[in-house]
Amino acid sequence: MRDLLVQALKSAGGYVELRLRRRWSTAVVFRKQRLEVATEYHAFGGVARCLVPGHGWGAVAFTDPERSALAVIRAHELSLETRPERPIALAPIPIRQVDQADLLLDDPRLVSLAEKRELLEGLTGELLAADRRLVDSRTSYGDSVYETWLATSEGVWLHELRSEASLGALAVAGEDGAQERALESVAVLGGWGSVTGRAPMFREVGERAVARLHAAPVKAGRYPVVFDPRATGALVLQTITNLCRSPSRGIERELLALGTRIGPEALTVGDDPTASGLRTSLALDDEGTPVNHTHLVQNGVVVAHLHTRETAARAAVGPTGHALATSLRSIPAARPTNSYVAKGQGNAASVISEVSLGIYVSDVLGVALEGHQVTLTPASTRMIRNGVLAESVKCAPITADLFTLYGRLDQVGGDFAWDPSAAALHDAGPLRPITTGAPHTRFVDLDIGALYT
Amino acid sequence: MIAGVLADLRSRASQADLVRTRDETISVGLSANRDATISIDQSDAVQIRAFANGRLGWAGGDTASVGAVAESALRSAAASDPAEMFFPAPAALPSVITRSPAAAALTVPDLLDLAGSVADRLRRLDRRVETWAERSVGTVDVGSSRGVLASYDVTVVGLGVSVAGGPGPCHLHVASVPPPDGSALESLVAEVEARFDPEPLDLDELPASARVWFKPRAVRGLLAPLLVRHANGWQAGDRGRRATIDPRLSLVDDPLADNRPGSRPVCDDGIPTQRRTLIRDGQPVAGLLDLRTASRLRLPATGHGLRRGFRPPVAQYSNLVLEVSEPGVTDLARVVGDGLLVSEMEVGPAPNPVRGVFRVAVPWCYRIVGGRIVGRIERAVLAGDVGRLLQRVAAIGADAEWLGAVRVPSLVLDGVGVTLR
């Protein structure tokens with residue numbers, strides 16, 4: 001493959017970047033105890049990008065590796081068709097040659113589809129056995145192996161082989177006409193061995209759905225709200241981290257300006273692609289830049305953005321190594337990898353104990369950001385009464401202005417943890433997996449609306 | 001290629017079928033300062049289904065890996081449960097226009113001109129305008145061991161605009177089989193101007209429940225949960241009790257409408273497509289069935305099978321049309337009297353598993369007083385239940401328009417929950 005790439009790179013002048021990626025995947029899905037999917041997927045994707053000095057980018061994506069050289073030639077032609085107002089520069093990077101394509105120790109391709117089905121069938125049984133009121137469920141197993149080749153005309157070389165595996169569970173409980181659901185997932189670096197021993201997770205999802213069945217709606221009003229680490233991670237990812245991604249050429253997206261105060265002194269946010277053991281950690285990004293741990297918000301103030309080589313040059317800063325593609329054939333843009341909120345002080349109990357009447361949000365169904373309007377839909381909520389967690393409740397989506405919301409951040413706990421669930425940043429097109437990490441956080445005086453049921 | 005793969009599978013599977021999709025999409029984007037980005041995406045993918053030893057399996061991938069995909073389909077069958085599957089025989093295909101020679105001939109400079117013409121019309125000092133244009137040319141081939149061998153060519157041209165400088169993102173786009181004509185461009189520009197024209201209002205409160213005029217793009221947002229509810233109710237055999245809406249409304253799935261992005265003469269299951277009324281006069285009357293589900297239920301498939309990439313075969317809507325049984329109203333602001341107008345809305349994740357219960361911020365929202373639009377409301381949050389709201393239709397607009405693969409009119413709905421953030 002290296003010869004193929006090297007020959008293809010010689011097909012055009014200027015800066016040339018050629019990325020090829022092959023993916024093998026398995027998926028098994030059960031709807032209750034009925035098998036819905038047991039399948040495999042073989043995909044290949046390549047992207048050739050050219051940047052001729054004085055011109056714009058040209059890019060060609062393809063699905064047949066034999067087309068690599070043709071794609072480079074066409075990308076070169078496309079580059080010549082544009083002439084931007086401002087010349088495009090690429091921030092310089094250290095040229096690395098990385099070979100991480102050793103045989104996988106736990107290769108999921110060596111496990112039969114029948115065994116994967118058997119694993120999930122057993123876990124589904126665990127979920128449904130948790131309570132007779134579980135009326136529906138959707139459970140899933142997935143694994144993927146990715147092999148990536150990246151070469152540039154500057155001499156970058158990457159050959160990498162990695163695998164990941166995931167489990168997901170959705171439980172629906174029903175009684176007396178009411179229905180409630182609970183979700184859980186785990187997505188980790190590794191193979192078959194990394195998803196075994198997960199029966200407790202499936203039982204717990206079933207129990208959570210049942211526990212919500214007779215939960216009363218929260219009375220509309222203003223409350224202090226404590227977010228658990230997962231909910232905090234999701235909220236910050238979709239809002240602050242999202243707004244600290246430097247937009248690619250041709251994409252108008254708001255960027256929080258450097259120096260903006262977004263939250264209190266206790267708030268520090270970053271992205272760390274070097275964190276060890278996470279499925280979204282990297283050595284080089286999809287442009288071949290060595291990745292950097294980047295602080296985005298320090299003590300409440302925006303101090304940096306995530307960059308590609310082009311956006312870094314435009315901002316006259318060094319590239320951060322966050323040029324990432326969302327699919328086999330897509331063009332890299334600045335995207336987070338392991339988004340986190342740095343830990344503050346105290347454990348979960350201390351964050352909750354000072355709340356006489358409030359709401360505890362664990363996990364979220366979604367966080368939407370429209371302009372500066374944040375809408376967070378809680379997945380699971382409980383009341384806090386006199387400093388301790390009380391009954392389960394149903395909570396309407398929480399809407400707030402971005403700056404108002406973080407202005408009401410009152411405490412950041414010290415109980416930081418990376419979240420192994422399957423997370424992604426809401427963005428146009430395919431989703432790229434992201435890991436989040438955070439401690440408990442507490443916001444005061446958030447407006448909780450009436451719940452329409 | 002299809003015949004060869006099916007021949008190879010013949011000795012190991014009693015039946016097999018395959019769908020192959022080839023596509024080349026040229027995309028151009030113009031940034032606010034007219035810098036262009038150009039890219040081309042060429043794809044060639046297959047999904048293969050094999051029925052062996054009474055079990056059905058499927059797998060997908062790129063066409064260059066077709067041999068491995070066929071092996072995976074057989075492994076998938078071996079890992080699956082016994083099933084029934086009735087593959088269709090070849091049949092005559094209906095006529096529908098899915099390809100435009102003018103679209104297929106569009107070049108990179110043509111697309112740059114198209115995007116540039118919209119950008120020029122919308123550019124103002126206080127706005128950042130970004131536009132994009134895209135042309136897709138492709139072919140869909142469907143074949144089966146029962147002798148189905150069908151093929152159709154497709155083009156889609158998309159044109160989009162994103163304008164910064166308002167209360168929220170303003171993203172609008174149009175898509176059709178042929179390139180958009182002058183009137184389509186003018187409509188797009190007029191729609192953007194109409195969103196920005198009214199001045200923002202400084203309001204302290206709004207009525208808790210209001211009559212709201214949902215423009216076609218907002219009605220499209222309301223359709224998504226209605227469809228989920230309809231599909232769930234239909235599959236559960238809940239006919240007639242769920243998704244009942246105003247009796248003046250009917251919902252039709254129409255793959256045979258010419259020149260729309262969802263148009264097609266044959267579905268990916270190899271079944272000729274047909275126009276199908278899903279909701280007639282407010283009552284659900286039919287659902288969609290792909291071949292696998294239909295075989296399981298021993299019902300006829302409806303010609304809506306979709307088999308692409310790594311997604312399981314499913315029944316998929318083609319072009320959706322919300323039809324009206326009476327002439328539409330032209331002056332909807334007067335019908336509203338005192339209420340709101342919403343240009344665009346998306347119903348996000350709902351806190352209740354009965355889909356369609358929503359509470360969403362709507363940045364493109366306007367106050368109507370005395371039958372006139374008096375200003376823009378930037379902090380409005382709407383809440384309600386789509387199913388119930390569509391039973392409270394106060395008026396239907398005469399402004400039905402195609403938005404990609406959906407054709408809907410404006411609707412004025414009563415009892416929409418309103419709050420200010």
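The following paragraphs go through chain A, the contact between chains A and B, and then several parts of chain B in a predicted model.

Chain A contains eight helices and 23 strands. Its radius of gyration is 24 Å, close to the 22 Å that the globule rule gives for 453 residues, so chain A is as compact as a globular protein of that length. Along the principal axes, the C-alpha atoms of chain A fill a box of roughly 70 × 55 × 35 Å. Of the 453 residues in chain A, 53% are buried. Among the contacts in chain A with a separation of 6 or more, 74% are between residues 24 or more positions apart.

Strand S15 of chain A, residues 338-341, is a useful place to look in more detail. In a regular strand the side chains alternate between the two faces of the sheet. In S15(A), A:Asn338 and A:Tyr340 point one way, while A:Ser339 and A:Val341 point the other way. All four of these residues are buried. S15(A) pairs with strand S10 of chain A (residues 269-271), and the two run antiparallel, joined by three bridges. Within that pairing, A:Tyr340 of S15(A) has A:Gly270 opposite. S15(A) also pairs with strand S22 of chain A (residues 433-438), here in the parallel sense and again over three bridges. In this second pairing A:Asn338 stands opposite A:Thr435 of S22(A).

The backbone angles of chain A call for a separate remark. Most residues other than glycine have a negative phi, and most peptide bonds are trans. A:Ala316 is not a glycine, yet has a positive phi of about 55°. This residue lies in the loop between helix H6 (309-315) and strand S13 (323-324) of chain A. With 8 other C-beta atoms within 10 Å, A:Ala316 is exposed, because a count of 12 or fewer defines that class. A:Asp445 also has a positive phi, near 60°, and is a residue other than glycine. A:Asp445, however, is found in a strand, S23 of chain A (residues 441-448). A:Asp445 has 12 other C-beta atoms within 10 Å and is exposed, since the class takes in counts of 12 or fewer.

The next topic is the contact between the chains. On the chain B side 60 residues take part, in contact with 57 residues of chain A. Strand S2 of chain B (residues 36-52) gives the most to the side of chain B that touches chain A, with 10 residues. By class, that side of chain B has 28 nonpolar, 20 polar and 12 charged residues. S2(B) also pairs across the chains: strand S3 of chain A (residues 57-62) and S2(B) are joined in the parallel sense over four bridges. One of the bridge partners can be named, with A:Ala61 matched to B:Asp41 in S2(B).

Within chain B, two helices pack against each other. The axes of helix H4 (residues 108-122) and helix H5 (residues 182-196) of chain B come within 10 Å and cross at roughly 35°. The crossing of H4(B) with H5(B) is right-handed. H4(B) contributes B:Ser117, B:Val118, B:Arg121 and B:Leu122 to the contact, and H5(B) contributes B:Leu185, B:Leu188, B:Val189 and B:Val192. These residues comprise six nonpolar, one polar and one charged.

After H5 of chain B comes a loop that leads to strand S7 (209-214), and B:Pro200 lies in this loop. B:Pro200 has 13 other C-beta atoms within 10 Å and is partly exposed, because that class lies between the limits of 12 or fewer for exposed and 20 or more for buried. Leaving out residues up to four places away in sequence, B:Pro200 touches B:Gly375, B:Arg376 and B:Glu378. B:Leu6 is 194 residues from B:Pro200 along the chain, and their C-alpha atoms are separated by 62 Å.

Chain B also has an open sheet of six strands in the order S10-S9-S8-S13-S21-S20, with mixed pairing. Strand S10 (283-284) and strand S20 (401-403) of chain B stand at the edges, each with a single partner strand, so one side of each has no neighbour in the sheet. At the S20 end, S20(B) pairs with strand S21 of chain B (residues 406-408) in the antiparallel sense over three bridges. There B:Leu403 stands opposite B:Val406 of S21(B).

Methods. Residues numbered from 1 in each chain as written. Chains lettered and ligands numbered in written order. Predicted model: local features only at pLDDT ≥ 70, side-chain atom pairs only at ≥ 80, totals over all residues. Contact = placed C-beta atoms within 7 Å. Nonpolar A, V, L, I, M, F, W, Y, C, P; charged D, E, K, R; others polar. Pairing = 2+ DSSP bridges. Axes fitted to C-alpha atoms, helices over the stretch in contact; angles between N-to-C directions. Left-handed = near helix turned anticlockwise from the far one by under 90°. Rg over C-alpha atoms; globule rule 2.2 N^0.38 Å.
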